[in-house]
Amino acid sequence: MGKTEGSFREWFRLPGAVLAISLVMATALAAPCGSAMADEPTASPGDLDGAAATAPVPDSAGGSDGENPGSGESDAGEAAPGRVQDGDRWRYRMADGAFVASCWLQLDGKWYHFGEDGFAQTGWLSDGGQRYYLDPAEDGAMRTGWYKVGGEWMWSDADGAWHANSWQRDGRGWWLRFGDGSYPASSWQLVDGKWYLFDGSGYMLTGWVLSSGSWYYLAPSGAMETGWQSVDGAWYYLDPAEGGAMATGWFDDGGTWYYLDGSGSMRTGWVLSGGSWYHLAPSGAMETGWQSVDGGWYYLDPVDGDMKTGWLALDDDWYYLNRAGDGIEGLMRVGSIPSGGAIYIADESGRLSKDVGWKSVGGVWYYVLEDGIAHLGWLRDDSLWYYLAPSDGAMATDWALVGGVWYRFNGSGSLNAAESVIYQAESEIRANPFIDGRKYEDALMQAGGTLTYDRRGLWCVNFLWWCFHRIGMESELWGETGLQVDPDYLAQEAKAMGQYSTDMSGIRRGDIVFSYWSSWRPGIEVSHGAIVLGVNGSRMTIAEGNVGSPSLRVTTVDLYSDEFRGYFRPAYAS
């Protein structure tokens, strides 16, 4: 088989590579069409100029295809030699009418190879121990020099033989040797379907690199990574659609949104973006709808994912999500909700209460009116009194300061009026033990009361009235007959209401005990009254107001002394 020989040395630059070529061409193409059937070849791509083929392939019409748009017929009616197009493929007909096959043919300075079926071949071809690239974009013309296949640079010598690239390593690192002996520098190169970046000295880079304003990540192998990648414990998205550039900001991956911060790191948990809050699952996926976070519930828009605040209507129910300044922003509220000058009550599911009446939320009781609005202040329910705090609507228990006055409430929330009255008496005695009793007489008169005696100073019952009046229970002492006050009158009122007893063994804390010291008015049965603070066996402790010094005092006396006439038990419960 013939072959061509020669040598040359030439410097030139390929984009991204410096080439220093020194090679000896000693390659011959096998089986040129002029000698395909001969024992010894008589031509090669180096010395064959359109030689006639000796390996004819008759066409299907016995030597003429009858319809050759690429050639006409001779005057004798025979088909002319040349290209014959058949759809997107073509063959070459020789002067004798036969088609070349299984051989090389040079046409217009370009080499082509025809297969056994006579059609020009394209793509990679192995022949005679060498590989050749027959360019489909040029109807199968053999490529030489530099060219791209699938975006990757290739190099074939002047005879078309392809020379593979190879990786080299020295003391500084890895570099890529092209088939012509050159190497890439300061450039990206596609090698075996993967991208690599080489520095100015031609060495392969790894890790994070900034190129043309974008960040890329190169594996330890040097190959550019794409898609999701975990680097140093953080996740990044290297966008294949952007050539592997690191993504930042919001990113939609298959219908799921992720947020990548300025460093490219995937965020989880709460993220503030564009003035709105979003919550990202541990996987990084943006969450929507109701979500429980750190024990609290939040509502994230089903489409955009932004956290909602304020009133929210869903499926005929209302919910309230904290606004900024309400506490933890976006947190669903339960129980008391101050809004628009009113207090609303939501149940433990967050729904605004729809039922009127008592509602327990988180162990706290509220009384709910229409539209979920809480009752505030004093409430009388089933003859009992309750107090709902104006600040949040919560029912008071134990002690509560209302309008500057302390009240005692039972565990059920109902007012413990006896303890409340006793507290007024004890606190007044501690604060003003030497007070002039006219304070209480004046208060009684200002309330429209009438003194039934004609001298001032006998004011024990006025002090009792004042203690009851402080918590709004003076009517429990005087019924409906008005504010006419003296001890005997009060005793008669108690008898009339059926709340008077002379059996001293039944007396208890909160009762009003009556005694007779002297007659200051004809016909009276009692001349003094005091409130009972406690009973211990035969001893009784009382709080009283009287003439003398101190004028208010706590005294312990004999329960069964002849001076005591009986006691009155106010209707504290109602």
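# Hairpins, salt bridges and a buried helix

Let's start at a turn: two residues lie between the strands in the hairpin of strand 7 and strand 8, and there glycine 128 takes a positive phi near 60°. Please keep in mind as you look around that this is a predicted model. The tour below goes from strand pairing to salt bridges, then to a buried methionine, a surface patch, a helix and some record entries.

**Strands 7, 8 and 9**

- Strand 7 (residues 123-127) pairs with strand 8 (residues 130-135) through five bridges, in the antiparallel sense.
- Across this pairing, tryptophan 124 has tyrosine 133 of strand 8 standing opposite.
- Strand 8 is also joined to strand 9 (residues 141-142), again running antiparallel, by two bridges.
- Here leucine 134 is the residue that faces methionine 142 of strand 9 across the pairing.
- The hairpin of strand 8 and strand 9 has five residues between the strands, and aspartate 139 takes a positive phi near 60° in it.

**The sheet of strands 19, 20 and 21**

- Further along the chain, three strands make an open sheet in the order 19-20-21, paired antiparallel.
- Strand 19 (227-231) and strand 21 (245-246) are its edge strands, each pairing on one side only.
- Strand 20 (residues 234-239) runs antiparallel to strand 21, with two bridges between them.
- In this pairing, leucine 238 and methionine 246 of strand 21 stand opposite each other.

**Salt bridges**

- The structure contains 14 salt bridges, and a few of them are worth a visit.
- Arginine 89 and aspartate 117 form one of them, with 2.9 Å between the closest N and O atoms. This pair links distant parts of the chain, 28 residues apart: arginine 89 sits in strand 4 (residues 89-93), and aspartate 117 in the loop between strand 6 (110-114) and strand 7.
- Both partners are partly exposed, arginine 89 at 38% relative accessibility and aspartate 117 with a relative accessible area of 40%.
- Glutamate 138 and lysine 110 meet through their side chains in another salt bridge, at 3.6 Å from N to O. Distant parts of the chain are linked here too: glutamate 138 belongs to the loop between strand 8 and strand 9, lysine 110 to strand 6, and they are 28 residues apart.
- Glutamate 138 counts as partly exposed at 32% relative accessibility, and lysine 110 is partly exposed with a relative accessible area of 39%.
- Aspartate 317 and lysine 354 also join their side chains in a salt bridge (3.2 Å, N to O). The pair spans 37 residues and links distant parts of the chain, from aspartate 317 in strand 29 (residues 317-321) to lysine 354 in the loop between strand 31 (342-346) and strand 32 (357-361).
- In this pair aspartate 317 counts as buried, at 14% relative accessibility, while lysine 354 counts as exposed, at 58%.
- A network of salt bridges links Asp301, Asp306 and Lys308.

**Around methionine 286**

- Methionine 286 is found in the loop between strand 25 (276-280) and strand 26 (289-293).
- Its relative accessible area is 14%, so methionine 286 is buried.
- Not counting residues up to four places away in sequence, methionine 286 touches Trp250, Trp257, Tyr278, His279, Leu280, Val303, Asp304 and Gly305.
- Threonine 256 is 30 residues from methionine 286 along the chain, and their C-alpha atoms are separated by 7.0 Å.

**A nonpolar patch at the surface**

- Trp399, Leu401 and Trp406 make a nonpolar surface patch of about 280 Å².
- Leucine 401 has its place in strand 36 (residues 398-402).
- With a relative accessible area of 47%, leucine 401 is partly exposed.

**Helix 5**

- Helix 5 (residues 487-496) is largely enclosed by the rest of the structure, because seven of its 10 residues are buried.
- Those buried in helix 5 are Pro487, Asp488, Tyr489, Leu490, Ala491, Glu493 and Ala494.
- Glycine 498, just after helix 5, takes a positive phi of about 70°.

**Repeats listed in UniProt**

- An unreviewed UniProt entry lists residues 185-204, 205-224 and 247-266 under "repeat: Cell wall-binding".
- In the model, residues 185-204 are 0% helix and 50% strand, with 9 Å between the end C-alpha atoms.
- Residues 205-224 are 0% helix and 50% strand, and their end C-alpha atoms lie 10 Å apart.

Methods. Residues numbered from 1 in each chain as written. Predicted model: local features only at pLDDT ≥ 70, side-chain atom pairs only at ≥ 80, totals over all residues. Heavy atoms only, no water. Pairing = 2+ DSSP bridges. Helix = DSSP H or I, 4+ residues; strand = E, 2+ residues; numbered from the N terminus. Buried < 20%, exposed > 50% of the residue type's maximum accessible area, 1.4 Å probe, protein only. UniProt positions renumbered as here; feature names shortened; annotations may be inferred. Patch = residues over 30% accessible without salt bridge, like charges linked within 9 Å, V, L, I, M, F, W, Y side chains within 5 Å. Areas by Shrake-Rupley, 256 points an atom, 1.4 Å probe, with all protein chains shown as cover. Salt bridge = Lys/Arg side-chain N within 4 Å of Asp/Glu carboxyl O. Contact = heavy atoms within 4.5 Å.
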